Amino acid sequence: MTAIENRPPLAAYHSKYLPDIDTATPELTTADTRITITTRRRRLTNLRQPALVHEALDFWAFAGAAANVVQQLGWPEVGYGVMESKVETGALTKHPWKRARTTSQYLAVAIVGTDEERTAFREAVNSAHRHVKSDENSPVKYNAFNRELQMWVAACLFVGVEDSHQLLHGRMEAEDAESFYQSAKTLGTTLQVPDDMWPATRADFDHYWNLASQRIVIDDTTCAFLNDLVDLKMISPLIRWPFVPLLRFLTIGFLPPLFHRQLGLEWTEDDRRRFEHLFTFVSVVNKFLPKAIRFGGTRVMMKDLRRRMKHNKELI
């Protein structure tokens, strides 16, 4: 697939980040920037308890991992930072399994890790980020330590976690959505995003997200890279072939309409209903699975992190 015509030139984004969030009015709406979830609430926990982000670390939360990377790379600076990365040991196309492990481990440590574990992981990520910056040949200027870029990545992670949680448990009412959001702040603050940069309320986040989504621009180079990601081209064909249809369906389903348009992906209302029905089925199956299985992936990630810290091994 090729990128849609008549997009703003990448040069327009070389130094412009977000305008003043307090005064700017987004041109995009949530209907453009978020997936539609109509499923009624079906949380299994005590209804008197607030929804918290650690509940979302069910292994199905990672079903939208590829879509989340696509969203992160929607900002040109993040996209080219990944595509031009000089850190080959963590390159997405060369080491997809390692990249998946470190991203999943970041989610785990940011949400359920201790302050010490978060600090250790932050230092490990910082050591890699020091090499991620543009040069004279880059079409956009970027530096992985830029807090706005890290805020965008953290926001994408939150959106992915919230979407998967609501697909499994149903739409959250305002009070639950607020408590869930407040418990997710460490997705950003574990790296370089200060507390006061993370939007104060869930409504503030929506405002930020719609405004930040206006910066999404996918040129032909990025479009080809992301479509290869959607099709799992970086994985061996012997492993990839049986799973491509399902994973492609999941990836497109987790992408909002804005990305469908930018990437030229077809997604009908029937597709959306099938997507929700799949998670309805999964939620029923989950009722019969013990927590050791549902949250086993996160526990394995944390054990691996603690083992690496204990033996002074590289964390990423």
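Asparagine 312 is exposed in this predicted model, with a relative accessible area of 73%. The residue belongs to the segment that follows α16 (296-310). Its backbone carries a phi near 55°, a positive value in a residue other than glycine. For context, most residues other than glycine have a negative phi.

Leucine 315 is also placed in the segment after α16. This leucine is buried, however, because its relative accessible area of 9% falls under the 20% limit. Its contacts, leaving aside residues up to four places away in sequence, are Arg101, Thr102, Gln105, Ala120, Phe121, Ala124, Leu305, Arg308 and Met309. One of these, Phe121, illustrates a link between remote parts of the chain: leucine 315 and phenylalanine 121 are 194 residues apart in sequence, while their C-alpha atoms are 6.7 Å apart in space.

Positive phi occurs also at leucine 232, after helix α10, with a value near 60°. Helix α10 itself spans residues 220-230, and its buried residues are Thr222, Cys223, Phe225, Leu226, Asn227, Leu229 and Val230. Among the elements that cover these buried residues are α2, α3 (76-83), α12 (244-254) and α13 (257-263).

The aromatic residues form the next topic. A pair of aromatic rings is described by the distance of the centres and the angle of the planes. The count of aromatic pairs in the model comes to 20. Two of them are set out below.

| Ring pair | Distance of centres | Angle of planes | Class |
|---|---|---|---|
| Phenylalanine 158 and tyrosine 181 | 5.2 Å | 80° | edge-to-face |
| Phenylalanine 275 and phenylalanine 279 | 5.2 Å | 65° | edge-to-face |

Phenylalanine 158 lies in helix α6 and tyrosine 181 in helix α7 (residues 174-182), so this pair ties together parts that are 23 residues apart in sequence. Phenylalanine 158 is buried at a relative accessible area of 0%, and tyrosine 181 likewise counts as buried, at 0% relative accessibility.

The pair formed by phenylalanine 275 and phenylalanine 279 lies within one helix, α14 (residues 269-286), where a spacing of four residues separates them by about one helical turn. Phenylalanine 275 is buried, with a relative accessible area of 2%, and phenylalanine 279 is buried with a value of 0%.

Phe158 and Tyr181 also belong to an aromatic cluster, together with Tyr17, Trp75, Trp152, Phe180, Trp198, Phe205, Tyr208 and Trp209. Arginine 215 is placed against two members of this cluster. Its charged end sits over the ring of tyrosine 17, at 5.0 Å from the ring centre. Arginine 215 also lies over the face of tryptophan 75, 4.5 Å from the centre of that ring.

Finally, the internal cavities may be considered. Two cavities of 30 Å³ or more are found in a search of the whole structure, and the second largest has a volume of about 30 Å³. Its lining consists of Gly64, Ala67, Asn68, Gln71, Val159, Gly160, Asp163 and Phe254. Helices α2 (65-72) and α6 (147-169) are the elements that each give two or more residues to this lining. By class, three of the lining residues are nonpolar, four are polar and one is charged. The charged residue is Asp163, because Asp belongs to the charged class while glycine is counted as polar. Helix α6 thus contributes to the cavity lining and also holds phenylalanine 158 of the first tabulated pair. Helix α2, in turn, contributes to the lining and to the cover over the buried residues of α10.

Definitions and conventions
Residues numbered from 1 in each chain as written. Predicted model: local features only at pLDDT ≥ 70, side-chain atom pairs only at ≥ 80, totals over all residues. Heavy atoms only, no water. 1 Å grid on protein atoms, 1.4 Å probe; cavity = no way out; pocket = protein on both sides within 12 Å on 5 of 7 lines; lining within 4 Å. Points joined across faces, edges and corners; volume = space filled by probe spheres on them. Buried < 20%, exposed > 50% of the residue type's maximum accessible area, 1.4 Å probe, protein only. Contact = heavy atoms within 4.5 Å. Phe/Tyr/Trp six-rings, centres within 6.5 Å; stacked < 30°, edge-to-face > 60°. Lys NZ or Arg CZ within 6 Å of the ring centre and 35° of its normal.
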